[in-house]
Amino acid sequence: RVDEWTDVDRKRVMNDIITTMFNKKFMEELFKPQELYSKKALRTVYDRLAHASIMRLNQASMDKLYDLMTMAFKYQVLLCPRPRDILLVTFNHLDAIKDFVSDSPGILNQVDETFRQLIETYSRLSAGELQLIRQTLLIFFQDMHIRVSIFLKDKVQNSNGRFVLPISGPVPWGAEVPGLIRMFNRNGDEVRRTEFTTGGNYVTPQREGSFELYGDRVLKLGTNMYSVSRPVETHMSGSSKNLTSHAKENLAPNPLAKEELNFLARLLGGLEIKKPGGSETGFRLNLFTTDEEEEHAALTRPDELSYKVVNIEATQ
């Protein structure tokens, strides 16, 4: 309800969540070389982060928020023009976070420190290594086809939940506009040229995005999808309702499960859930129009898509 949600609340929630997210101990664990998280582990971390302030979400709203986050990120990784641009997407995320905490120097410094770690760790990687990272991320998301209204309206997602790859616009930085075949002889001399029709309207990019702490990223992927205010819905597509991979993940015993839980406990050790103190009651965030809609969503969500969050007390 609007009357319960003030700018002070909003600022406090953002500060609390961002402070927790960029906690030094948490970041140290994230930057250690490791296997990709399972979906359950990621959901558990995300659940803890979302509740790092006085805000609370019911299961249905939490599911909707998580679906929205995963599909938005899948879209951004899928549409990266080249592997190195995954970094520019991440920098767009961090630039936006810095805007949220621009008047809190301590938190801003935490974000900048993570920024420096990202530059130091990933800027030296080759295109092949970054492509491997991109493919690994896409493997994680390949069975997730949840429809999001904002993507459906913009025609970047089909009704089956799959994304539409554009055949027009700027080509990746360093690449040439397609449409020309060059023939060379054995000495490396160009002997003939043939042109062909591409079926798309490609253009050369004006400049490369900045990989520095501050700068114009040029790439728009990872910037605010809601710059024009509009409601957002998430829906299961037909192909997502019988996800065998989810069932397999829940049924097959994982020999690394114990190590993963230990790792998860270390990760969550840096994530504290804030409990409202004194006379504070906190407030509940409902991502649905009404409470009844939220309750209905919780009851109708397919069992195989239940995230079954693991609760770990990591402070001991």
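Which side chains meet in a salt bridge of 3.6 Å, N to O, in helix H6? I looked this up in what is a predicted model, and I found that the side chains of Arg116 and Glu113 are the partners. I noted that these two residues are 3 apart in helix H6 (residues 105-122), so about one helical turn separates them. I then checked how far each is covered: Arg116 is partly exposed at a relative accessible area of 38%, and Glu113 is partly exposed as well, at 41%. I also wrote down that Arg43, Asp47 and Asp63 are joined into one network by salt bridges that share partners.

**Entry on the other salt bridges**

I turned to the count and found 14 salt bridges. One that I followed up joins the side chains of Glu28 and Lys24, with 2.9 Å from N to O. Both residues sit in helix H2 (residues 24-30), where they are 4 residues apart, about one turn of the helix. I read Lys24 as exposed, because its relative accessible area of 62% is over the 50% cut-off, while Glu28 at 40% counts as partly exposed.

I next looked at Glu29 and Lys32, whose side chains meet in a salt bridge at 3.3 Å, N to O. Is Glu29 buried or exposed? I found Glu29 buried, because its relative accessible area of 7% falls under the 20% cut-off, whereas Lys32, at 42%, is partly exposed.

**Entry on the whole protein**

I stepped back to the protein as a whole, which has 11 helices and 8 strands. Of its 316 residues, 38% count as buried, and the protein exposes about 18,700 Å², of which carbon and sulfur atoms supply 55%. I also looked at contacts with a separation of 6 or more, and 75% of them are between residues 24 or more positions apart.

**Entry on helix H4**

I wanted to test the length of helix H4 (residues 59-78), so I worked from 1.5 Å a residue: its 20 residues should span 28 Å, and its end C-alpha atoms are indeed 28 Å apart, which agrees. How many of the 20 residues of H4 are buried? I found 15, so the helix is largely enclosed by the rest of the structure.

**Entry on Val156**

I looked for Val156 and found it in the loop between helix H8 (149-153) and strand E3 (169-170). Val156 counts as buried, because its relative accessibility of 17% is under 20%. Leaving aside neighbours within four places in sequence, I listed its contacts as Tyr75, Phe151, Arg162, Phe163 and Val164. I looked again at Tyr75, since it is 81 residues from Val156 along the chain, and noted that the C-alpha atoms of the two are separated by 8.8 Å.

**Entry on strands E4 and E5**

How do strands E4 and E5 run, parallel or antiparallel? I found that strand E4 (residues 180-184) and E5 run antiparallel and are joined by 5 bridges, with Leu180 standing opposite Glu195 in E5. The two strands form a hairpin with 5 residues between them, and in the turn I noted Gly188, which has a positive phi of about 85°. Finally I checked the cover of strand E5 (residues 190-195) and found it hardly covered, since the count of buried residues among its 6 residues is 0.

Note on methods. Residues numbered from 1 in each chain as written. Predicted model: local features only at pLDDT ≥ 70, side-chain atom pairs only at ≥ 80, totals over all residues. Heavy atoms only, no water. Salt bridge = Lys/Arg side-chain N within 4 Å of Asp/Glu carboxyl O. Buried < 20%, exposed > 50% of the residue type's maximum accessible area, 1.4 Å probe, protein only. Expected span 1.5 Å × (residues − 1). Contact = heavy atoms within 4.5 Å. Areas by Shrake-Rupley, 256 points an atom, 1.4 Å probe, with all protein chains shown as cover. Pairing = 2+ DSSP bridges.
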